[in-house]
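Here are a few short exercises to work through with the structure open beside you. Try each task before reading its solution.

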Amino acid sequence: MVVTDPTMAQIGSTGRVTRLLDEIGTQYAVYDGVTSEPTDRIVLAGKKVYLENQCDFLIAVGGGSSIDTMKAVGTLITNPGEITDYFGKIIPNPLPPTFAVPTTAGTGSEATQFTIITDTKRDIKMLLKGGGLIPSAAIVDYSFTQTAPPFVTAATGLDALCHAVEAYTSRKAQPLSDLFALDAVKKIVSSLPRAFADGSDQKARESMSLAALEAGIAFNNSSVTIIHGMSRPIGALFHVPHGLSNAMLLPNCLEFALPGAQKRFADLSEAIGACKPGDSQEEAGKAFVRAIRQLCRKLKVDTPVSFGIDKRKFFDSIEKMTKDALTSGSPANTMRKVSADDIEAIYESLWNGGE
Ligand SMILES: NC(=O)c1ccc[n+]([C@@H]2O[C@H](COP(=O)([O-])OP(=O)(O)OC[C@H]3O[C@@H](n4cnc5c(N)ncnc54)[C@H](O)[C@@H]3O)[C@@H](O)[C@H]2O)c1
Ligand SMILES: [Fe+2]
């Protein structure tokens, strides 16, 4: 079964893959019911198509939403129960073969043991985990990303940047994930503004696809931290695309995390050339955060206000969002200790300067 979304089908990306299946005489069904930020219902509908057509393996053509849906459908083919049963557990059984063809340079889902599915009953984005979720193979071909409009390029590219920075500044960071994370940060800071300004810049697109994969490998082997922990609740309640909710939080969360990981942030600063020789670790770290804030401005990242989030509803939800963020476990990977009060203060800080 080919798992994809209507846009991919419409612009011909799905066709690039199904033509090859036609050529080799492999029968397939196409499930194009994926929406951005997929839900338990979308997964169930995909499972039905898979079983009705007696499929035996899966190919995802699309962004993280299509790849994650593929993983969740595959989970339900070889594991009992509903997808929500696996929240907080390790998915036990291996999946049917899964192949990922990413069309965004963002999630790195092509290389991770995670799938993120919204539980529509409880309004939470579940982070589901299992070694079997790592795709059997991935084809990372930047040409699939060239049709992405600037907004998608910026949001998904900043998601990859969050993966790399969080992986490098996580308590679970380790020497191999560090290598991938540092290289990804360098590539993204130099290539993302170019891919954003000119979507047909092949060198920039290629560099971003590679960086997103590296960042995926990095956080798959260390972890994400406070940004992703706080971002999922915003996505679940206000339907903000994943990369954008991360990007809204990115500078303020880094500012918070900095005092707990000055050496690590100084390394990142040096890697992107944001600091001067002789700067202290603290100065270098601050220079990195400033550079990332500027990058977000350059990429025209929306604020909660400009995205149209209702301020009262947001403030009324801070308690639930804080609880859900902490329950996910991601904030606890931050080197600086994170309390519920800290998280609430950061959510509130997103509104500084706007109604
Ligand atoms: N599994 C993981 O490890 C992992 C990691 C991070 C994020 N995620 C999840 O991935 C999802 C987000 O994935 P995403 O950011 O890749 O976005 P997406 O898959 O939701 O796509 C975003 C939008 O861009 C369009 N699009 C994608 N590629 C395009 C292209 N080449 N040309 C034109 N339009 C294109 C899509 O049709 C869609 O409308 C979220 O649910 C997020 O939580 C998963
Ligand atoms: Fe992400």
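Please keep in mind that this is a predicted model.

**Exercise 1: the two domains**

Find how the protein is divided, and describe the side of domain 1 that touches domain 2.

Solution. Start with the division: domain 1 covers 2–140, and domain 2 covers 149–349. Next, take the C-alpha centres of the two domains, which lie 25 Å apart. Now look at the contacts, where 20 residues of domain 1 meet 25 residues of domain 2. On the domain 1 side, strand E6 (residues 124–129) gives the most, with 3 residues. Finally, sort that side of domain 1 by residue class: 5 nonpolar, 11 polar and 4 charged.

**Exercise 2: the shell around ligand 1**

Work out which elements and which domains supply the residues around ligand 1.

Solution. Begin with the count: ligand 1 is surrounded by 31 residues, and the closest are Thr7, Gly63, Gly64, Ser65 and Ser109. Then go through the elements. Helix H1 (6–11), helix H4 (64–78), strand E5 (114–119), helix H5 (150–168) and helix H9 (242–257) each contribute at least two residues. H4 gives the most to this shell, with 4 residues. Domain 1 and domain 2 each provide at least three residues of the shell. By class, the shell around ligand 1 holds 7 nonpolar, 20 polar and 4 charged residues.

**Exercise 3: helix H13**

Check the span of helix H13 (residues 311–327) against the value expected at 1.5 Å a residue, then describe its bend and its buried residues.

Solution. The expected span is 1.5 Å times one less than the number of residues. For the 17 residues of H13 this gives 24 Å, and the end C-alpha atoms are 24 Å apart, so the two agree. Now follow the axis: H13 bends by about 50 degrees at Ile318. Turning to burial, Ser317, Met321, Thr322, Asp324 and Ala325 of H13 are buried. Their cover includes E6, helix H8 (226–238) and helix H14 (340–349). Just past the end of H13, Gly329 adopts a positive phi of about 85 degrees.

**Exercise 4: Lys300**

Locate Lys300 and decide: is this residue buried or exposed?

Solution. First, place Lys300 in the loop between helix H11 (281–298) and helix H12 (304–307). Second, apply the cut-off, by which a residue is exposed if 12 or fewer other C-beta atoms lie within 10 Å of its own. Lys300 has 11 C-beta neighbours inside 10 Å and therefore counts as exposed. Third, compare sequence and space: Lys300 and Phe151 are 149 residues apart along the chain, and their C-alpha atoms are separated by 8.5 Å.

How values were computed: Residues numbered from 1 in each chain as written. Chains lettered and ligands numbered in written order. Predicted model: local features only at pLDDT ≥ 70, side-chain atom pairs only at ≥ 80, totals over all residues. Domains from an automatic or database assignment. Contact = placed C-beta atoms within 7 Å. Nonpolar A, V, L, I, M, F, W, Y, C, P; charged D, E, K, R; others polar. Bend = angle between axes of the 7 residues up to and from the residue. Buried ≥ 20, exposed ≤ 12 C-beta atoms within 10 Å, placed from the backbone. Near = placed C-beta within 6 Å.
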